[in-house]
Structures are given as C-alpha cells and as structure tokens.
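User: I have a protein open on my screen and would like to talk through how its parts fit together. Could you take me through it, starting with how the helices are assigned?

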Amino acid sequence: MSTVLITGAARGIGLDFVKQYAAKGWKVHACARTPDALGGVKGDIHPHKLEVTDYAAVKALAAKLKGEAIDVLICNAGVAGREAVRVHDEERQRG
C-alpha cells in the first residue's frame with residue numbers, strides 16, 4: 001500500500017488531494033490546523049493536528065511517524081503571519 005502525507009489538508013486543494021488519494025486506496029496522513037473537517041472523507045485517512053510553523057509540533061509528528069515510509073509528500077499548507085492566522089481562525093468560528 002502506498003502512503004501520502006498532505007499538509008494543509010482541511011480545505012481547498014489539500015482536501016481534494018486527500019479525497020483523490022483515499023479514493024485510489026492510498027493510506028493518507030492528512031495534516032491541518034483543524035483536521036476535524038476530514039470527518040466526512042472515506043478511506044484510510046489518518047488526521048493529524050499540525051501547525052507547520054510550530055517546530056515542536058512538526059518534530060512530534062515526525063517522531064510519531066518514525067519508521068513509516070512516506071511515498072509522496074505534498075506540502076500544501078500556506079504560511080502567513082500570525083495576524084492572518086488569527087483572522088482566518090476567527091472567520092471560521094463565525095461560519
């Protein structure tokens with residue numbers, strides 16, 4: 001079985017990658033700040049809460065996945081200033 005790790009997997013292009021790889025039978029490690037958006041996607045999906053600018057969180061995920069082969073890595077997460085992240089999170093909460 002092939003394995004893919006996708007960052008920025010909760011919406012947009014990242015979420016579409018998750019759906020496409022899962023539909024093809026891949027094991028999908030789906031990383032996002034809010035991975036709860038992945039609940040409705042079917043397949044072998046392993047959601048991980050991850051803020052890619054948090055080095056400790058990245059290191060912890062690497063330790064968790066140690067020894068597991070990742071065949072494809074898709075670095076889709078956007079990186080913005082803290083203010084942009086705060087505004088985005090507030091907008092999501094408002095719906």
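Analyst: Helices here are DSSP runs of H or I with at least four residues, and they are numbered from the N terminus. Please keep in mind as we go that this is a predicted model.

User: Okay, so where do Phe17 and Tyr21 lie?

Analyst: Both of them are in helix α1, which covers residues 12–23, and they sit four residues apart, or about one turn of the helix.

User: And how many helices and strands are there in the protein?

Analyst: The protein has three helices and four strands, and along the sequence these follow the pattern β-α-β-β-α-β-α.

User: Back to the aromatics: how many aromatic pairs does the structure hold?

Analyst: There are two aromatic pairs in the structure. In one of them, the ring centres of Phe17 and Tyr21 are 6.5 Å apart with the planes at 45°, so this pair is tilted.

User: Is Phe17 buried, exposed or partly exposed, and what about Tyr21?

Analyst: Phe17 counts as partly exposed, because its relative accessibility is 28%, whereas Tyr21 is buried, with a relative accessible area of 19%. Tyr21 also pairs with Trp26, and since their ring centres are 4.7 Å apart and their planes meet at 75°, that pair is edge-to-face.

User: Which residues do the ring pairs link into a cluster?

Analyst: The cluster consists of Phe17, Tyr21 and Trp26, linked through their ring pairs; within it, Tyr21 and Trp26 are both buried.

User: Changing topic, how many disulfides does a search of the whole structure find?

Analyst: The search finds zero disulfides. Cys31 is in none, and the nearest cysteine sulfur to its own, that of Cys75, is 9.6 Å away. A disulfide requires the two sulfur atoms to be within 2.5 Å, so that pair does not qualify.

User: Are those two cysteines, Cys31 and Cys75, buried or exposed?

Analyst: Cys31 is buried, with a relative accessible area of 0%, while Cys75 counts as exposed, because its relative accessibility is 61%.

User: Last one, on the whole protein: what share of its residues is buried, and how much area does it expose?

Analyst: Of the 95 residues in the protein, 33% are buried, and the protein exposes about 6100 Å², with carbon and sulfur atoms supplying 54% of that area. As for contacts with a separation of 6 or more, 51% of them are accounted for by residues 24 or more positions apart.

Note on methods. Residues numbered from 1 in each chain as written. Predicted model: local features only at pLDDT ≥ 70, side-chain atom pairs only at ≥ 80, totals over all residues. Heavy atoms only, no water. Buried < 20%, exposed > 50% of the residue type's maximum accessible area, 1.4 Å probe, protein only. Phe/Tyr/Trp six-rings, centres within 6.5 Å; stacked < 30°, edge-to-face > 60°. Helix = DSSP H or I, 4+ residues; strand = E, 2+ residues; numbered from the N terminus. Contact = heavy atoms within 4.5 Å. Areas by Shrake-Rupley, 256 points an atom, 1.4 Å probe, with all protein chains shown as cover.
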